[in-house]
Amino acid sequence: MSALTPAIRSFIVDEPSGVLGTTRPDGRPRLSVVRHLLEDDRVLVSTEATRAKARDVARDGFASYCVTGHVAPYPCVTVEGPARLVTEGAGATTTRIIEAMSGTPMAEPLSDETVAAMGRVVIEITVERVYGASHIPEA
């Protein structure tokens, strides 16, 4: 059974950005504002492979993600779970994220090879836990 209720799933799909939480090598938290996609029970984020957040995920295999609304009463929810770096299918995912950010369809989808040449990967968080949901109707 999914940890995501229909209301929370809809909220995450409708809000384009959030704060990704990973753990630095010394155990302190690292936070990064990113754009995302939600597919099934997975939050997907495209990033450069050399970014600290990607290295944190590769090392620890875990991440949390907080999505916040930008209109009062400022709804929010945090999800967390195992995380990994994905290269297979990264072209299609990165294309969808770029299209969501720009609001414009790309003429041609990016290939996995193109995304790899750009030095990008996808962080995939499998949602196992949902908490801190506030001001989300029927959450």
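Visitor: Leaving aside neighbours within four places in sequence, which residues is Thr93 in contact with?

Guide: In this predicted model, Thr93 is in contact with Leu37, Leu44 and Val122. Thr93 itself is found in helix α3, residues 90-102.

Visitor: Why is Thr93 called buried or exposed?

Guide: Buried means under 20% relative accessible area. Thr93 has 9% relative accessibility, so Thr93 counts as buried.

Visitor: And Val33, what makes that residue buried or exposed?

Guide: Val33 sits in strand β2, residues 29-35. The cut-off for exposed is over 50%; Val33 has 69% relative accessibility and therefore counts as exposed.

Visitor: Which residues make a nonpolar surface patch with Val33?

Guide: Val19 and Leu31 join Val33 there, and the patch covers about 300 Å².

Visitor: Let's go inside. How many residues does the largest nonpolar core have?

Guide: That core has 21 residues, and those with the most contacts inside it are Ile12, Val43, Tyr65 and Ile125. Two or more residues each come from α1 (6-14), β4 (42-48), β5 (62-68), β6 (76-86) and β7 (120-126). The largest share, four residues, comes from α1.

Visitor: Which residues is Val43 in contact with, leaving aside neighbours within four places in sequence?

Guide: Among them are His36, Leu37, Leu38, Tyr65, Val79 and Ile125.

Visitor: What lies apart from the largest core?

Guide: Another core, of eight residues, including Leu44, Val86, Ile97 and Val122. Two of these bring us back to our start: Leu44 and Val122 are in contact with Thr93.

Notes. Residues are numbered from 1 along each chain as its sequence is written. This is a predicted model: local features need pLDDT of at least 70, side-chain atom pairs count only at pLDDT 80 or more; totals for chains, interfaces and linings use all residues. Side-chain values use heavy atoms; hydrogens and water are left out. A nonpolar core is a set of buried Ala, Val, Leu, Ile, Met, Phe, Trp, Tyr and Cys residues joined through side-chain atoms within 4.5 Å. Buried means under 20% relative accessible area, exposed over 50%, partly exposed in between (1.4 Å probe, protein chains only). Contact means heavy atoms within 4.5 Å. Patches are made of residues with over 30% relative accessible area and no salt bridge: like charges are joined within 9 Å, nonpolar side chains (Val, Leu, Ile, Met, Phe, Trp, Tyr) within 5 Å. Accessible areas come from the Shrake-Rupley method with a 1.4 Å probe; for residues, only the protein chains shown count as cover. A salt bridge is a side-chain nitrogen of Lys or Arg within 4 Å of a carboxyl oxygen of Asp or Glu.
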